[in-house]
Every structure is written in C-alpha cells, then in structure tokens.
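Colleague: Got a minute to walk me through this one? Put it up and we'll go from there.

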Amino acid sequence: MASTLRRTWAEIDLDSLARNYRKLKAHIGEDVKFMGIVKADAYGHGSVQVSRCLQEEGADYLAVSSIDEAMELRKNGIEMPILILGHTPRDQTEKLIENNITQAVTCEAKAINYSNEAVRIGKTLKIHIKVDTGMSRLGYLCEGDFFEEGVRHIVEDCQMPGLDAEGIFTHFAVADEEGEEDLEYTRHQFKLFMDVIEAVESQWGKKFRLRHCANTGATARFPKTHLDMVRPGLLLYGYGDYARELDLEPVMSLKTAVQTIKHYPAGTDVSYGRRFTTARTTRMGVVGVGYADGLPRLCSNKCAFAAGSGFAPQRGSICMDMCMIDLTDLPEVSVGDEVEIFGAKAGVETLAAAAGTISYELLCALSKRVPRVYKNF
Ligand SMILES: *Cc1c(COP(=O)(O)O)cnc(C)c1O
C-alpha cells in the first residue's frame with residue numbers, strides 16, 4: 001500500500017470472510033438459508049465489499065438498518081434480496097418497491113402506511129413481520145396476555161393489500177449468554193415465536209416462506225432455532241468465543257506503525273494528565289493511532305498491542321491521533337515497524353473489555369479516516 005497511508009489502517013481479508021461463510025454454511029446445512037448482517041457498514045468492514053463477497057459466494061439475503069444503507073448496496077451493484085431491519089418513512093415506500101428492498105413491519109401503524117402507499121402506486125411491497133418475544137424493542141408484542149391481540153394484528157396485516165408477507169422474524173436478547181437463566185429465556189423466546197407462527201399461519205391460511213431468528217449466539221449454539229434462515233453478524237466476521245469454536249477467522253486487523261522511539265529515565269511523566277510515570281528506564285514508542293481513529297480513550301493504560309515478538313503495553317492517556325507504547329522488553333521493534341491493535345494476534349474482545357464495552361462497539365466505532373485495505377478476493 002502507499003506509504004502515505006501507513007499511519008493506521010484496517011486490513012480486511014475477504015478470503016477469510018469467504019472461508020467463514022463456507023464454514024457457517026457447512027455448520028447450518030444445505031436446507032438453511034443465510035442472511036448476512038451488513039448494517040453499520042458491515043460492522044466497520046465495508047458493506048459494499050462484504051456484500052459483493054457474500055453475493056459471489058451465493059448467500060441468500062442481506063440485512064441493513066436503514067434505506068440509506070440498502071441504497072448504497074443497490075447503487076454498487078448488489079442485487080441480492082435486502083431486508084431493512086429498522087424503520088423506513090412511509091414516503092419512501094415507492095423507493096423500496098422500485099429497488100426490490102424488503103421492509104420489516106413491526107407494528108400495525110406501519111403496515112397500514114406501507115399498504116396505503118403500495119396500493120396508491122399499484123405495486124406490492126415485500127415485508128417481514130417482526131415479533132417481539134422478549135427483546136422489548138421493535139415488533140408486535142405477543143407475550144402473555146398480548147398473545148391473541150398480537151396474533152390478530154399480524155394476521156390482519158399480512159392480508160393487507162399491497163403487502164407480500166414473505167417472512168417473519170424475532171430477535172434474541174441473551175442467545176450469547178451462558179447462564180442457565182439466559183438459556184431458559186432464549187428457550188422461552190423461541191417457543192413463543194413458534195407459537196405465534198403456528199397461530200398466525202392457521203388463521204391466515206398461508207405459510208411464511210422465511211422464518212428466521214438465529215443471531216450469532218443462536219446460529220452457533222442452537223441448531224433448532226435455525227428454521228429457514230440464520231442471521232449472524234459478529235460470527236460471520238469471525239470474532240468472539242463462538243467464532244473460535246467454529247474455527248472462524250477474524251476478518252479485520254487494525255494496524256498502525258511506530259513513528260518514533262525515545263528513551264526516558266525512571267520518573268518521567270507520559271502524555272496528557274500525567275497518568276503514567278515510568279518506573280524504570282523506558283524505551284517508549286509513539287504509534288499513530290488515537291481516539292479519533294476509534295481507539296477508546298477509556299483503554300488508556302489498560303491495553304497492549306502486538307508488536308515484534310510480543311505485546312507492548314500502552315502507556316499514558318490515549319490522545320486524538322497518537323498514543324505511547326512501552327517497547328522496553330521488545331528491543332527488536334524499531335521505527336516504521338507494524339503494530340497490531342487488534343486482529344489475529346490481539347483479540348478485539350480484549351481491547352473492548354479494557355474499555356468496558358463489547359467488540360461490536362469497537363468495530364463499528366472505527367472511524368472514517370482509517371483506510372480499509374482489502375486483501376484478496
Ligand atoms: C444486528 C442484528 C443481528 C446480528 O446480530 P449478531 O449478534 O451480530 O449476530 C441479527 N438480527 C437483528 C435483528 C439485528 O439487529
């Protein structure tokens with residue numbers, strides 16, 4: 001890559017992505033379809049590049065959070081079916097239909113709006129019904145006393161003119177948590193989802209062509225929940241324990257380079273706020289990554305980056321464009337050398353834990369100024 005870009009960059013290996021996809025296909029089996037979650041710029045990996053790769057590999061569906069994200073894919077030649085998981089204003093209905101984009105319908109009010117618009121222009125909008133089974137976010141509420149009413153609304157909405165209810169889905173709240181109570185919660189959500197489908201289909205007299213609920217945790221752990229299609233995000237990109245268990249590879253490596261190295265005596269204060277003081281003669285490197293790149297300032301003094309033959313502890317407050325790393329025990333590292341902030345050697349989960357957050361947030365927070373460098377494919 002051009003040397004001017006060698007400050008901080010994200011290497012994205014689309015061959016790893018393709019291998020992850022194939023392994024997941026083998027894991028779910030022939031009969032289950034695959035929806036790739038590419039919202040939030042494909043978790044920072046670049047939604048157009050990731051979608052092209054998935055399209056080439058034969059994936060069945062993509063999901064995004066908004067019509068803007070969907071249109072970016074359409075404008076870049078992605079022809080696969082795309083589901084919008086979030087809200088689309090009613091005046092965009094025609095655009096959805098024209099671009100063959102599927103819309104999640106999460107309540108009666110939206111069904112009415114989309115139906116009215118579709119009828120007005122004399123066309124049909126493909127929709128997936130979203131059921132709230134315990135996430136308490138979007139979806140028809142169907143829990144407990146709300147069951148009959150929820151089912152009735154869904155049946156009515158599936159029959160509205162101008163709407164083609166291709167699919168039905170729900171979202172798990174704790175499918176990636178290990179506790180017995182969490183398992184029970186997921187079991188309950190799944191049972192409720194199946195009960196809703198059964199009741200709706202029997203009253204409607206038709207069947208949904210795509211029933212889906214399996215996010216990362218459920219795709220990895222609960223084959224029963226795969227139904228007609230799985231819907232993993234994080235797992236596809238190769239992060240987390242479940243990815244390791246399934247032998248998947250992290251697709252992104254965030255890298256930077258050593259800009260300078262200096263030697264300080266013991267007792268030297270480092271960076272803003274003097275939040276680190278050297279305890280010994282220290283060989284300190286400056287690397288060109290800071291919070292403006294998406295490295296949380298909360299990680300200051302709490303993380304380490306892969307450099308040379310080991311890990312260099314990060315020292316002092318992380319600045320906007322730079323931070324310092326201790327190279328005293330890594331004498332082989334010199335100016336210009338590559339340092340991995342996260343990737344194959346340094347797990348993004350470890351860095352996320354240092355910031356008190358989850359890998360998802362760090363991946364999505366990777367800022368625009370970090371060039372994405374695509375390998376292979
Ligand atoms: C983001 C999202 C997913 C993917 O979640 P992961 O935990 O990354 O697998 C699946 N379904 C819905 C509705 C989502 O919003």
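Colleague: How many residues sit between β15 and β16 in that hairpin?
Modeller: Two, and G308 in the turn has a positive phi of about 50 degrees. Strands here are DSSP runs of E, at least two residues, numbered from the N terminus. Keep in mind that this is a predicted model, where local features need pLDDT of at least 70, side-chain atom pairs count only at pLDDT 80 or more, and totals for chains, interfaces and linings use all residues. Residues are numbered from 1 along each chain as its sequence is written, and side-chain values use heavy atoms, with hydrogens and water left out.

Colleague: Parallel or antiparallel, for β15 and β16?
Modeller: Antiparallel: β15 (residues 304–307) pairs with β16 (residues 310–315) over four bridges. To count as a pair, two strands need at least two bridges between them in DSSP. A307 sits opposite G310 in β16.

Colleague: And which residue is the bridge partner of Q314?
Modeller: That's I325 in β17. β16 and β17 (residues 323–326) are antiparallel too, with two bridges.

Colleague: OK, what does β11 pair with?
Modeller: β1, β14 and β18 are among its partners. Five bridges tie β11 (residues 252–264) to β1 (residues 8–13), antiparallel, and there W9 is matched with K255. With β14 (residues 282–287) the count is six bridges, also antiparallel, and H263 faces R283. β18 (residues 338–342) adds four antiparallel bridges, with T256 opposite V339.

Colleague: Switching to the ligand: which residues are closest?
Modeller: K39, Y43, T216, R231 and Y360, out of 13 around the ligand. Being near here takes a heavy atom within 4 Å.

Colleague: What's the mix by class in that shell?
Modeller: Six nonpolar, four polar and three charged. Ala, Val, Leu, Ile, Met, Phe, Trp, Tyr, Cys and Pro count as nonpolar, Asp, Glu, Lys and Arg as charged, and the others, Gly among them, as polar.

Colleague: How far is K39 from the ligand oxygen?
Modeller: A polar side-chain atom of K39 is 2.6 Å from an oxygen atom of the ligand. For H171, a polar side-chain atom lies 3.4 Å from a ligand nitrogen. On the backbone side, a polar atom of L234 is 2.9 Å from a ligand oxygen. The cut-off for a polar contact with the ligand is a pair of N or O atoms within 3.5 Å.

Colleague: And how much of the ligand's area does the protein cover?
Modeller: 92% of the 390 Å² that the ligand has accessible on its own. Those areas are Shrake-Rupley values with a 1.4 Å probe.

Methods
Polar contact = N/O pair within 3.5 Å; in protein donor to acceptor, adjacent residues only side chain to side chain.
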